[in-house]
Amino acid sequence: IQDLFIEKELYSDLKLIKTFSKSFNWKNNITSIIKENDYESLVLTDIQKKIIWVSDGFTKMTGYEKEFALNKTPLFLQGEKTKETTRKRIQTKLLKGKPFKDVIINYRKDKSTYKCELYIIPLHNKDNSEITHFLALEKEVV
């Protein structure tokens, strides 16, 4: 039953992301990104890193409602124990425009911390290959 639930959630996430992909004309293979990677939460941001969509898994992982996250940057998930060096390293990697993985300490709504593995993929449009959005596949790691 758990596998069925996960499969249903994956299908739902994929369907929604594909809708975005069509409207923004991304050249990335969204289906393989979603199906070939393990994640608990998806976060889609625009190029200014403002959140435009999160999956249901985001609420389960962070305790924050989807609506709360919209139009904010993921910075609201960070706090005292989030290292500045980690923040800067992620920022540098984002500027390079290539997919990457990193781990950051984030905070849930109840103020508890968790180690979050990020797999961030820059999304390019088909026309001139510029990055228009970032998709973060996130999961809690120990």
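Me: Two strands pair if DSSP finds at least two bridges between them. This model is predicted. Which residue in S5 stands opposite Ser 41?
Reply: Start with the strands. S1 covers residues 41-46 and S5 covers residues 131-141. They run antiparallel, joined by six bridges. Opposite Ser 41, in S5, stands Glu 138.

Me: What is the order of the strands in the open sheet?
Reply: The sheet has five strands, and their pairing is antiparallel. Two strands sit at the edges, each pairing on one side only: S2 (51-54) and S3 (100-107). Read across, the order is S2-S1-S5-S4-S3.

Me: How many degrees does the twist average from one strand to the next?
Reply: Take the open sheet of five strands again. Step from one strand to the next, and the twist averages 30 degrees.

Me: Which residue in S4 is the bridge partner of Asn 106?
Reply: S3 and S4 pair in the antiparallel sense. Eight bridges hold this pairing. For Asn 106, the bridge partner in S4 is Tyr 114.

Me: Which residue in the hairpin of S3 and S4 takes a positive phi?
Reply: Look at the link of this hairpin. Five residues lie between the strands. A positive phi, near 75 degrees, is taken by Lys 111.

Me: At about what angle does H5 run to S3?
Reply: H5 covers residues 84-96. This helix lies across S3, S4 (113-124) and S5. Relative to S3, H5 runs at about 145 degrees.

Me: Is Thr 82 buried or exposed?
Reply: Thr 82 is in the loop between H4 (66-69) and H5. The cut-off for buried is under 20% relative accessible area. Thr 82 has 5% relative accessibility, so it counts as buried.

Me: Which residue's backbone oxygen does the side chain of Thr 82 reach?
Reply: Leave out residues up to four places away in sequence, and Thr 82 touches Arg 87, Ile 104, Ile 105 and Tyr 107. The side chain of Thr 82 comes to 2.7 Å from a backbone oxygen. That oxygen belongs to Ile 105.

Me: Which elements give two or more residues to the lining of the largest pocket?
Reply: The largest pocket has a volume of about 430 Å³. Its lining has 22 residues, and the closest to its centre are Lys 49, Pro 74, Gln 78, Ile 90 and Leu 94. The elements that give two or more residues to this lining are S1, H5, S3, S4 and S5.

Notes
Residues are numbered from 1 along each chain as its sequence is written. This is a predicted model: local features need pLDDT of at least 70, side-chain atom pairs count only at pLDDT 80 or more; totals for chains, interfaces and linings use all residues. Side-chain values use heavy atoms; hydrogens and water are left out. Helices (H or I, at least four residues) and strands (E, at least two) are DSSP runs, numbered from the N terminus. Buried means under 20% relative accessible area, exposed over 50%, partly exposed in between (1.4 Å probe, protein chains only). A polar contact is a pair of N or O atoms within 3.5 Å; within protein, one must be able to donate a hydrogen and the other to accept it, and residues adjacent in sequence count only if both atoms are side-chain atoms. Contact means heavy atoms within 4.5 Å. Axes are lines fitted to C-alpha atoms, for helices over the stretch in contact, and angles run from 0 to 180 degrees between N-to-C directions. On a 1 Å grid over the protein atoms alone, a cavity is a set of points where a 1.4 Å probe fits but cannot get out, and a pocket is an open set with protein on both sides within 12 Å along at least five of seven lines; lining residues have an atom within 4 Å of a point. Grid points are joined across faces, edges and corners, and a volume is the space filled by probe spheres set on the points.
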